[in-house]
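Q: I would like to learn how to read features of a fold, one at a time. Please show the structure first, then start with the surroundings of a helix.

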Amino acid sequence: MADMSADRGPIPLDRIDHFPDALIGAEPGDILTIFPNPTLITIKGEAERPLWVTTLLHGNETTSFYVLRALAERYRVTPPPRSLTLFVGNVQAMAAGVRHLPEQPDFNRIWAEGSGPYHDLVHQVCETARLQIPFASIDIHNNSGSNPHYGCVNALRPADLQLAAMFADLGVFYRNPPTTQSIAFSNFCPAVTVECGRSGDQLGIDRAIGLVEDVLRLESFPAAPPAPGAVTLYHTLASVVIDPKCTFGFDDETAGLNLRADLEDFNFSDLPADTVWATTQCPQDALRVIDEHGHDLTDEFFRCDGDEIKSRRAITPAMITHDADVIRQDCLCYLMEPI
C-alpha cells in the first residue's frame, strides 16, 4: 500500500478518458488493481456540459463503487446522453475497508482552504470542475446507522432542491461542516450529496443509479422549486457528541453512558420532550450538544432526571449510529428541525 503519511509528497491524480475494462464485474476489494491512485474519468456524451459524480470519498461506503461499476457497464462503449466526469477518491481506504486510513484526513473534510498533499489533490479536482462548468454534481455516500434515504443540499436554489427531490422525498440543508465536496461544488453548480442507507443496501444503489441516469437525460432544471410535498427539508441545529472521558455502549450497564439499544429507530422521527436517551454514571455531561459555531447547547436539549438523560424539548435526530469509531471520530447524531 502506498505511503499516505501527512508529510509525504504530492498525491498522484490519474486522468483517463474511458472506463477501465477491469471495472466490469469487479468488487470493492479489487479497487487498487483498477485505480492505483485517485482518478478523474472523463466520458464524452451527447450533451457537452458534464454531470459530475464523486465516488469513494469514504472507503467503507460501497454504494458509490457499485454506481461507478454500473455506469462502466452501460457506457463503456455507448456514449451517455450527457458527458460524465467521475472522481474516484480514497482508493487506499476502500482497499482497506475503512472510512480513511489512520494517517489520512477524512476525504470529505478537505474541500475548503488548506495546505498539504490532500488539499492540493482536491484543489486540482475543483479547478478541473470549474473549467468544465458542470451541469450538476452528485456525491454518493452511505450512512453507518439505519436511516431513510435522503439528499443533502447546501443551497436553497430551485435546481439544488430539484436534485434532492429526484433522489428522495427527504432532504437536509446544511452549511456545516464547510469542508465537504458538495459545499465546494455548490459554489459553481447545483450540487447534492445522496445518502443511500447502509453499504450493501440494494435499494440505495438502485436509487443512486436512477438519479444519475435521470440527470444525464435532463436537458435543464425547472426554474421553480419542487412542488409542495415533493421533498421534506430539514436543517441541522447541532451535533450530539459523547464526552471523550466517558465510556459508552448500547444496552450495556457496565458502560459509563448506557445508550438505549433502539436509539437508531429515532432517526428522522419527531421525538417529544422527556424522551429517555440513556442512563449515565458519568460525573459530567456525557451527551453534549454543539452547534456549528462551537457553542455548547446541551442545557437547551438535554436534562438529567436521576440517572436518566432525557430530551428537554421536542427534537428530530438524524444519522444516529452504533459505530463506535464514527461516534468518536465524528458524532453520535445530528439534531434537526424542518425548514
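A: The buried residues of α7 are covered by elements that include β3, α2, β4, β5 (136-141), α5 and β8. Helices (H or I, at least four residues) and strands (E, at least two) are DSSP runs, numbered from the N terminus. Buried means under 20% relative accessible area, exposed over 50% and partly exposed in between, with a 1.4 Å probe and protein chains only. Contact means heavy atoms within 4.5 Å. The model is predicted, so local features need pLDDT of at least 70 and side-chain atom pairs pLDDT 80 or more, while totals for chains, interfaces and linings use all residues. Residues are numbered from 1 along each chain as its sequence is written, and side-chain values use heavy atoms, with hydrogens and water left out.

Q: Which residues of α7 are buried?

A: An α-helix has 3.6 residues a turn, so residues three or four places apart point the same way. In α7 the buried set is G204, I205, A208, I209, L211, V212, E213, V215 and L216. At the start of this helix, a side-chain oxygen of D201 comes within 3.0 Å of the backbone nitrogen of L203. That is a polar contact: a pair of N or O atoms within 3.5 Å, where within protein one must be able to donate a hydrogen and the other to accept it, and residues adjacent in sequence count only if both atoms are side-chain atoms.

Q: What span should the 16 residues of α7 have?

A: The expected span of a helix is 1.5 Å times one less than its number of residues. For α7 this gives 22 Å, and the end C-alpha atoms, 23 Å apart, agree with it. Helix α4 (residues 117-132) also has 16 residues, and reaches 23 Å from first C-alpha to last, close to the expected 22 Å. Just after α4, I133 takes a positive phi of about 50°.

Q: What do the buried residues of α4 pack against?

A: They pack against β1 (14-16), β2 (39-43), β3 (47-55), β4 (82-88) and α6 (181-186). The buried residues are P117, Y118, H119, L121, V122, V125, C126, T128 and A129. Take V122, which has a relative accessible area of 2%. Not counting residues up to four places away in sequence, V122 touches I110 and W111. The C-alpha atoms of V122 and P10 are separated by 11 Å, with their positions 112 residues apart along the chain.

Q: How many salt bridges are there?

A: Side chains of opposite charge can pair when their charged atoms come close. A salt bridge is a side-chain nitrogen of Lys or Arg within 4 Å of a carboxyl oxygen of Asp or Glu, and the count comes to 18. One of them joins R74 and E213, at 2.6 Å from N to O. R74 lies in helix α2 (residues 63-75) and E213 in helix α7 (residues 202-217), so the bridge ties together parts that are 139 residues apart in sequence. R74 is partly exposed at 44%, whereas E213 is buried at 7%.

Q: Where do D214 and R217 lie?

A: Both are in helix α7, 3 residues apart, about one turn of the helix. Their salt bridge has its closest N and O atoms 2.9 Å apart. D214 is partly exposed at 33% and R217 is exposed at 52%. R260 and D262 form another salt bridge, with 2.7 Å between the closest N and O atoms. Salt bridges that share partners join R74, E213, D214 and R217 into one network.

Q: Is R69 buried or exposed?

A: R69, in helix α2, is buried, with a relative accessible area of 18%. A polar atom of the R69 side chain lies 2.7 Å from the backbone oxygen of A26. Leaving out residues up to four places away in sequence, R69 touches L23, G25, A26 and E27.

Q: Which residues are on each side of strand β6?

A: In a regular strand the side chains alternate between the two faces of the sheet. In β6 (residues 150-153), Y150 and C152 are on one side and G151 and V153 on the other, and all are buried.

Q: Which strands pair with β6?

A: Two strands pair if DSSP finds at least two bridges between them. β6 pairs with strand β8 (residues 191-195) in the antiparallel sense over 3 bridges, and with strand β7 (residues 170-173) in the parallel sense over 3 bridges. C152 has T193 as its bridge partner in β8 and stands opposite V172 in β7. From β6 the chain crosses through helix α5 (residues 158-167) to β7, a right-handed β-α-β crossover. Right-handed means that, with the strands pointing away from the viewer, the path from the first strand over the helix to the second runs clockwise.
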